[in-house]
Amino acid sequence: MPDPSDAGPGAGDSDRRPAPSSGEADRTAVVERLYGEVPFHRRHDLEVLAVTPERASVKLPFDPGLVGNPDLGSVHGGVVSALVDLAGAAVFVGGREAFTPTIDLRVNYLEAAGREPLYATATVDRRGADIGVASVEVESGDAVCATGTGVYKLTDD
């Protein structure tokens, strides 16, 4: 996950928007527009931080309604899984300018996601003609709470 201090003056935990590297197409607006149409994303205030052809970063604010274990106050694993999926898809959605179906999703839960915003960063592992694969890392506070891999269909046929 990028260091918040790298995002410019006044940046902090509330704005971890990494700047696209020189020479990379910024696809953030495309993904913001498409993801803004999804009721789940709107309901939970999902924020698309940055999308390039090789990387995507998204933020999901903490909400008590997302808690799956009241004894720990930790976010439900299904929410973490959904975040892995939508971050992984974002790098491909940005290029297609259309939604892409998930073929396979693997999530590794490393520790409980606490009462902090969740930040997910996806990196393209492979982009073929029909299939794309992305690795995702999810942070809760200063800890990586989950990692995952998503496989996405890149064609409409």
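These entries record what I looked up in a predicted model.

**Strand β2**

I began with strand β2, residues 55-60, and checked its burial. I found it mostly covered, with 5 of its 6 residues buried. I then looked for its partners. Strand β1, residues 47-51, pairs with β2 in the antiparallel sense over 4 bridges. In this pairing I noted Val48 opposite Val58 of β2. The connection from β1 to β2 is a hairpin of 3 residues. I also traced β2 to strand β6, residues 118-127; the two run antiparallel and are joined by 6 bridges. Here Ser57 stands opposite Thr121 of β6.

**Ser81**

I next located Ser81 in helix α3, which spans residues 77-96. Is Ser81 buried or exposed? Its relative accessible area is 18%, so I entered Ser81 as buried, the cut-off being under 20%. Setting aside neighbours within four places in sequence, I listed Leu105, Val107 and Tyr109 as the contacts of Ser81.

**Tyr109**

I followed the last of these names to strand β5, residues 102-109, where Tyr109 lies. I recorded Tyr109 as partly exposed because its relative accessible area is 47%, a value between the limits of 20% and 50%. Which residues does Tyr109 contact, leaving aside neighbours within four places in sequence? I found Gly77, Val80, Ser81, Cys145 and Ala146. For Gly77 I noted that its backbone oxygen lies 3.0 Å from a polar atom of the Tyr109 side chain. For Val80 I looked up the C-alpha separation from Tyr109, which is 8.5 Å, with the two residues 29 apart along the chain.

Key
Residues numbered from 1 in each chain as written. Predicted model: local features only at pLDDT ≥ 70, side-chain atom pairs only at ≥ 80, totals over all residues. Heavy atoms only, no water. Buried < 20%, exposed > 50% of the residue type's maximum accessible area, 1.4 Å probe, protein only. Contact = heavy atoms within 4.5 Å. Pairing = 2+ DSSP bridges. Polar contact = N/O pair within 3.5 Å; in protein donor to acceptor, adjacent residues only side chain to side chain.
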